[in-house]
Structure formats: structure tokens, C-alpha cells
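Good morning, everyone. Please take a moment to look at the sequence and the structure before I begin.

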Amino acid sequence: MKNRLKVLRAERDWTQARLAAELGVSRQTINAIEKGKFDPSLPLAFKAARLFELSIEDIFQDEAVS
Amino acid sequence: MNDQKAKPSDWASSNRTNTIRLRNWTGAWLVTMAVATFGPLLVWPANKLLTILAITTNLLIGFGMIVANKRHLKGLDEMHQKIQLEAMALSLGIGLVVGLSYSLLDTTNIILSDAEISHLVILMGLTYLAAVFAGLKRYR
């Protein structure tokens with residue numbers, strides 16, 4: 001699954017640690033999600049969507065579809 | 001959103017608290033295990049009451065350690081929970097399969113020495129550690 005977390009984070013000039021604190025996860029988890037090594041759960045994806053005021057589809061894209 | 005100040009992570013602080021709590025319970029369990037093991041040998045030989053008290057204390061603190069470990073696991077984020085789950089599955093599986101084969105080797109007298117439970121604990125511990133490190137490396 002692809003995602004735009006890194007871009008969205010950079011637009012706000014946030015560090016991985018800052019985003020991790022906002023989402024209530026570890027910095028390592030943010031790093032793994034950004035690199036596409038770990039797919040977040042639906043609740044975490046919703047949390048990210050709420051944080052960035054976007055829809056889940058605006059942040060996460062299914063590679064099989066796109 | 002840029003002007004928002006970094007807020008302290010509730011997750012990080014509660015995770016730290018859970019880790020410290022688990023460390024304390026594990027330390028207490030280890031100490032009481034040492035007391036229950038070496039006390040009857042070196043400090044109070046032939047005093048069964050003290051031995052039973054030491055073993056009971058160790059058992060009760062062991063239950064506390066289990067609860068602390070469960071809380072610690074529940075407090076982890078989803079990626080670390082997954083890493084822990086995979087590591088525990090691997091260590092439990094290897095412990096069961098290798099442990100029973102090891103026991104069979106002993107009961108069928110294929111090996112001359114007795115199958116010690118401490119060997120199983122060491123195997124499970126090392127498997128768990130290796131699996132956690134492998135999981136952390138995989139998601140790095």
C-alpha cells in the first residue's frame with residue numbers, strides 16, 4: 001500500500017517523532033509506514049485522515065488499484 | 001497546522017511507565033526465584049516452611065509479572081504488537097516442538113543426560129530475542 005504520509009508531513013515541516021506523537025504510535029512505526037513496510041490498521045488510518053483533514057483515500061492508495 | 005506545538009506523546013509516556021513496571025516485576029520475580037532456589041541450599045537447609053513461603057512468594061510475584069507483561073503488550077503500538085506476536089508464536093512453537101522432541105530423546109535414552117527444563121527456557125528466551133530483533137530489522 002502506497003501512502004502520502006511523508007509528503008503531508010513535509011508540508012507541515014513535521015518530524016517523524018512529531019507525527020508519531022500526534023498519532024500515538026512510535027517513530028519506528030511511522031518510518032515503517034512511510035517506507036511501505038507496514039500497513040496501518042483502519043483505526044490508525046482514520047486517525048491520520050482526521051489529523052490531516054483528508055479522506056483515507058487521499059493518504060493511502062492500494063497499489064493493486066492505482 | 002504548522003503553528004501547532006509538539007505535544008508530549010501520551011503513548012510514549014504510558015509506554016515508558018509500562019516498561020518500567022514490567023522491569024520492576026521481572027526484577028522482583030528474578031530475586032524471589034534466586035531466594036527460592038538458593039535459600040533452601042545455603043541459608044535455611046531443612047526448613048520446609050521457609051521454602052514453601054519463598055516458592056509461594058515467587059509464584060505470586062510471577063503472576064504480577066504476567067499481568068505487567070500483558071499491560072505492556074497492550075500498551076505497545078500496532079507494529080510493535082505484531083512484532084511481539086510473531087516472536088511469541090515462534091518461541092512458543094519452537095519451545096513446544098523442540099522441547100517435546102528433547103524430552104523424547106531423554107525418555108527413550110537416546111541421550112544420556114536428563115532433559116532439563118532450564119534448557120527449554122533458554123531456548124525459548126533466545127528464540128524470542130532473535131525473533132524480536134528480526135522483526136525490528138524487517139520493519140526498519
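**Two chains and their contact**

With 66 residues, chain A would be expected to have a radius of gyration near 11 Å if it were a compact globule, and its value is 11 Å, so the two agree. I should add at once that we are looking at a predicted model.

Let me stay with chain A. Along the principal axes, its C-alpha atoms occupy a box of roughly 30 × 25 × 20 Å. How many helices and strands does chain A have? There are 5 helices and 2 strands. Their order along the sequence is β-α-α-α-α-α-β, with a strand at each end of the pattern.

Two percentages add to this picture of chain A. Of its 66 residues, 23% are buried. Among the contacts in chain A with a separation of 6 or more, 52% join residues that are 24 or more positions apart.

I now turn to chain B. The domain assignment divides chain B into domain 1, residues 10–76, and domain 2, residues 77–140. Between the C-alpha centres of these two domains of chain B, the distance is 21 Å.

Finally, where do the chains meet? On the side of chain B, 13 residues are in contact with 15 residues of chain A. Which elements of chain B give two or more residues to this side? They are helix H1 (10–43) and helix H3 (78–107) of chain B. By character, the residues on the side of chain B that touches chain A comprise 6 nonpolar, 3 polar and 4 charged.

Thank you for your attention.

Notes:
Residues numbered from 1 in each chain as written. Chains lettered and ligands numbered in written order. Predicted model: local features only at pLDDT ≥ 70, side-chain atom pairs only at ≥ 80, totals over all residues. Contact = placed C-beta atoms within 7 Å. Helix = DSSP H or I, 4+ residues; strand = E, 2+ residues; numbered from the N terminus. Nonpolar A, V, L, I, M, F, W, Y, C, P; charged D, E, K, R; others polar. Domains from an automatic or database assignment. Rg over C-alpha atoms; globule rule 2.2 N^0.38 Å. Buried ≥ 20, exposed ≤ 12 C-beta atoms within 10 Å, placed from the backbone.
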